[in-house]
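Colleague: I would like to go through this chain with you, from the overall fold down to single residues. Please show it first.

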Amino acid sequence: MIHLDLRTVIVMSGVLALLMSVVLLLLRLTHPKSIQGLGFWAAAPALALVAALLAAGRGLIHDLLSIVAANMLMLAVFLSFYWGARRLLGFKAVYKTWLGVALATLIFLLWFGWIEPSYTARILLMTALSFSLALQMMALIWRHGKRSFPSRFTVLVLAIHAGVMGTGY
């Protein structure tokens with residue numbers, strides 16, 4: 001039986017994210033400019049790859065990189081998907097509020113990742129952010145997306161994601 005350690009799984013997930021990023025980038029380059037949001041979506045998996053590599057380096061690289069930078073990049077991943085959905089549906093990406101949240105998150109992660117390390121505090125914060133953005137994207141797509149299978153399926157996947165995040169698993 002093959003035994004995979006957590007770092008191997010993280011790196012494999014990162015490579016898959018990179019491939020997804022390339023696919024989305026190619027879609028962005030080959031589709032009309034009127035289809036908004038694909039750039040955000042192409043950036044998200046690429047950022048996830050960098051975050052995965054930094055997280056996989058825990059214990060090998062400085063905690064500022066493996067904890068703080070990796071988690072900040074994951075917030076950027078969540079936001080890129082959210083902003084991409086907003087743009088696709090014809091809305092502007094809302095930066096001001098979320099940049100404030102990102103600054104507060106950075107301070108929180110610096111404190112609980114480097115000064116007074118607390119894995120529990122970091123997990124609670126990142127789970128809450130992921131949960132919040134999943135719910136917001138769900139509501140956005142439900143209210144403004146086309147009444148079609150892809151939209152409803154996306155809402156279902158986001159509901160499952162939010163449910164998992166909301167139960168703490």
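What follows is a set of questions and answers on this predicted model.

Colleague: Which elements make up the secondary structure of the chain, and in what order do they run?
Modeller: The chain has 6 helices and 0 strands. Read from the N terminus, the order of elements is therefore α-α-α-α-α-α.

Colleague: What is the radius of gyration of the chain, and what would a compact globule have?
Modeller: The C-alpha atoms occupy a box of roughly 45 × 35 × 30 Å along the principal axes. For 169 residues, a compact globule would come out near 15 Å, and the chain agrees with that. The radius of gyration of the chain is 17 Å.

Colleague: What share of the residues is buried?
Modeller: A residue counts as buried when its relative accessible area is under 20%. Of the 169 residues in the chain, the buried share is 34%.

Colleague: How much of the accessible surface belongs to carbon and sulfur atoms?
Modeller: The accessible surface of the chain is about 10400 Å² in total. The part belonging to carbon and sulfur atoms is 74%.

Colleague: Among contacts between residues at least 6 apart in sequence, how many join residues at least 24 apart?
Modeller: A contact here needs heavy atoms within 4.5 Å. Of the contacts in the chain that pass the limit of at least 6, the share joining residues at least 24 apart is 64%.

Colleague: What should helix 2 span, and how far apart are its end C-alpha atoms?
Modeller: Helix 2 covers residues 38-56, which is 19 residues. At 1.5 Å a residue the expected span is 27 Å, and the model agrees, because the end C-alpha atoms are apart by 28 Å.

Colleague: Which helices are included in what covers the buried residues of helix 2?
Modeller: The buried residues of helix 2 include Leu38, Pro45, Leu49 and Leu54, along with several alanines, among them Ala42, Ala48 and Ala52. Their cover includes helix 1 (6-30) and helix 3 (63-88).

Colleague: Is Ala51 buried or exposed, and which residues is it in contact with?
Modeller: Ala51 sits in helix 2 and has 3% relative accessibility, so it counts as buried. Its C-alpha atom is separated by 7.0 Å from that of Asn71, 20 residues apart along the chain. Leaving aside neighbours within four places in sequence, the contacts of Ala51 are Ala70, Leu73 and Met74.

Colleague: Is Ser66 buried or exposed, and which residues is it in contact with?
Modeller: Ser66 belongs to helix 3. Its relative accessibility is 5%, so Ser66 is buried. Beyond neighbours within four places in sequence, the contacts of Ser66 are Leu54, Ala55, Gly57, Arg58 and Ile61.

Colleague: How many salt bridges are found, and which residues form a salt bridge?
Modeller: Side chains of opposite charge can pair when their charged atoms come close. A search of the whole structure gives 1 salt bridge. Asp63 is partly exposed at 26% relative accessible area, and Arg58 is partly exposed at 37%. With closest N and O atoms 2.6 Å apart, the partners are Asp63 and Arg58.

Colleague: Which residues does Arg7 touch?
Modeller: Arg7 lies in helix 1 and is partly exposed, at 38% relative accessibility. Arg7 and Ala55 are 48 residues apart in sequence, with 8.2 Å between their C-alpha atoms. Not counting residues up to four places away in sequence, Arg7 touches Ala56, Gly57, Arg58, Gly59 and Leu60.

Colleague: How far apart in space are Leu6 and Ala56?
Modeller: Leu6 is in helix 1 and is exposed, with a relative accessible area of 63%. Leu6 and Ala56 are 50 residues apart in sequence, and the distance from C-alpha to C-alpha is 7.9 Å.

Colleague: Which residues of helix 6 does the model place as buried or partly exposed, taking Ser151 and Leu156?
Modeller: Ser151 is found in helix 6 (residues 149-167), as is Leu156. Ser151 has a relative accessible area of 13%, so the buried residue is Ser151. Leu156 has 45%, so the partly exposed residue is Leu156.

Colleague: Which residues make the nonpolar surface patch of about 580 Å²?
Modeller: Leu156, partly exposed, is one of its members. The full set is Phe149, Phe153, Leu156, Val157, Ile160 and Val164.

How values were computed. Residues numbered from 1 in each chain as written. Predicted model: local features only at pLDDT ≥ 70, side-chain atom pairs only at ≥ 80, totals over all residues. Heavy atoms only, no water. Helix = DSSP H or I, 4+ residues; strand = E, 2+ residues; numbered from the N terminus. Expected span 1.5 Å × (residues − 1). Buried < 20%, exposed > 50% of the residue type's maximum accessible area, 1.4 Å probe, protein only. Rg over C-alpha atoms; globule rule 2.2 N^0.38 Å. Areas by Shrake-Rupley, 256 points an atom, 1.4 Å probe, with all protein chains shown as cover. Patch = residues over 30% accessible without salt bridge, like charges linked within 9 Å, V, L, I, M, F, W, Y side chains within 5 Å. Salt bridge = Lys/Arg side-chain N within 4 Å of Asp/Glu carboxyl O.
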